[in-house]
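Here is a short tour of the fold you are about to see, written to be read with the viewer open. Feel free to rotate along as you go.

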Amino acid sequence: MIRILYIEDEKEIGHWVSKELTERGYEVTWLESGDGIEQHIALNDIAILDVMLPGLDGFSIGKRIKRENKELPILMLSARTAVEDKIEGLNFADDYLTKPFHPDELVARLEVLLRRYQKNDDVLELQHLKMYTKDMRIINTLTEEEILLTGKQFYLLQYFIRHLNQILTKEQLYEGVWGESYMEGDKTLMVHIRYLREKIEINPAKPMIIETIRGIGYRVKL
């Protein structure tokens, strides 16, 4: 599960963002200030920082984070739209998003940063699959052949991999991959999972990689 360190002092915004991200399968640690930030840096995969905070502002906290761990991506959030503020933020941060924003855009930017910070030699072995997570190249180790996926199949598998061992509801998967609200009865997700299983499972009729959790959704276990 991707772990997000989120610092925001406005309770209404903080609750909203935390809820949106949690529902999409992320683990969120929400703080209202930068006090004690050091103990959280090593425990998270990405940081979201509001600029206007009590005590140390987001710029100061972000610079401190980068001194401790330059490989931790940082996304700044701010109602400030001045070019000078964006330039200051981007001097150390990896992206800058102005308020108000749509949660889909926030998630899209997070996913881009997470992909950017993956190491080139990151390899995930999942049963008979060897996946190079930087570019999502997939090799069937039984045949040594590359498995070619469509764009949506690729994104769907990537979403599962980013949430390994977690049970994902149909709503979470649809919203995370298609960026739209799931409508009960829509067969789109089910069809894509069936086609994806046909490419990656040894026996699609008895899937061992994409597990169906009856009445809830799906899970990929490492």
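In this predicted model, helix 7 (residues 170-178) and helix 8 (residues 188-200) have axes that come within 10 Å and cross at roughly 80 degrees. An angle from 65 to 115 degrees counts as roughly perpendicular, and helix 7 and helix 8 are therefore roughly perpendicular to each other. On the helix 7 side, the residues that meet helix 8 are Lys170, Leu173, Tyr174 and Trp178. Helix 8 answers with Thr188, Leu189 and His192. Sorted by class, this contact of helix 7 with helix 8 holds four nonpolar, two polar and one charged residues.

A second helix pair to look at is helix 5 with helix 6 (residues 151-162), whose axes come within 13 Å and cross at roughly 75 degrees. That crossing makes helix 5 roughly perpendicular to helix 6. Here Glu111, Leu114 and Arg115 of helix 5 meet Tyr155, Gln158 and Arg162 of helix 6. The class count for the contact of helix 5 with helix 6 is two nonpolar, one polar and three charged residues.

Now to the parallel sheet. Five strands form an open sheet in the order 2-1-3-4-5, and their pairing is parallel. Which strands stand at the edges? They are strand 2 (27-31) and strand 5 (95-98); each has a single partner strand, so one side of each is left without a neighbour in the sheet. Direction ignored, neighbouring strands of this sheet are turned by 20 degrees against each other on average. At the strand 5 edge, four bridges join strand 5 to strand 4 (residues 74-78), and Leu75 has Asp95 in strand 5 as its bridge partner.

Two helices lie across this group of strands. Helix 1 (residues 11-23) lies across strand 1 (3-7), strand 2 and strand 3 (46-50), and runs at about 170 degrees to strand 2. Helix 5 (residues 103-116) lies across strand 1, strand 3, strand 4 and strand 5, with an angle of about 180 degrees to strand 5.

The loop between strand 5 and helix 5 contains Pro100. Lys99 and Pro100 are joined by a cis peptide bond, with omega at about -5 degrees. Most peptide bonds are trans, and most residues other than glycine have a negative phi. Where does Glu144, with its positive phi, sit? Glu144 is placed in the loop between strand 8 and strand 9, and its phi is near 65 degrees.

That loop belongs to a hairpin of strand 8 and strand 9 with four residues between the strands. A further hairpin, made by strand 11 and strand 12, has three residues between the strands, and there Gly215 takes a positive phi near 80 degrees. The antiparallel pairings are set side by side below.

| Strand pair | Bridges |
|---|---|
| Strand 7 (residues 129-132) and strand 8 (residues 137-140) | four bridges |
| Strand 8 and strand 9 (residues 145-147) | three bridges |
| Strand 10 (residues 168-169) and strand 12 | two bridges |
| Strand 11 and strand 12 | four bridges |

Individual residues help to find these pairings in the viewer. Met131 has Ile138 in strand 8 as its bridge partner, while Ile139 is bridged to Glu146 in strand 9. Thr169 has Gly217 in strand 12 as its bridge partner, and Glu211 stands opposite Arg219 in strand 12.

The hairpin of strand 11 and strand 12 leads on to a pocket. What is the volume of the second largest pocket? The computed value is about 160 Å³. Its lining consists of Lys170, Thr212, Ile213, Arg214, Gly215, Ile216, Gly217 and Tyr218. Strand 11 (210-213) and strand 12 (217-220) are the elements that give two or more residues to this lining. By class, the lining of the second largest pocket divides into three nonpolar, three polar and two charged residues.

Several residues of this lining have already appeared above. Lys170 is one of the helix 7 residues that meet helix 8, Gly215 carries the positive phi in the hairpin of strand 11 and strand 12, and Gly217 is the bridge partner of Thr169.

Conventions
Residues numbered from 1 in each chain as written. Predicted model: local features only at pLDDT ≥ 70, side-chain atom pairs only at ≥ 80, totals over all residues. Heavy atoms only, no water. Axes fitted to C-alpha atoms, helices over the stretch in contact; angles between N-to-C directions. Parallel < 35°, antiparallel > 145°, perpendicular 65-115°, else oblique. Contact = heavy atoms within 4.5 Å. Nonpolar A, V, L, I, M, F, W, Y, C, P; charged D, E, K, R; others polar. Pairing = 2+ DSSP bridges. 1 Å grid on protein atoms, 1.4 Å probe; cavity = no way out; pocket = protein on both sides within 12 Å on 5 of 7 lines; lining within 4 Å. Points joined across faces, edges and corners; volume = space filled by probe spheres on them.
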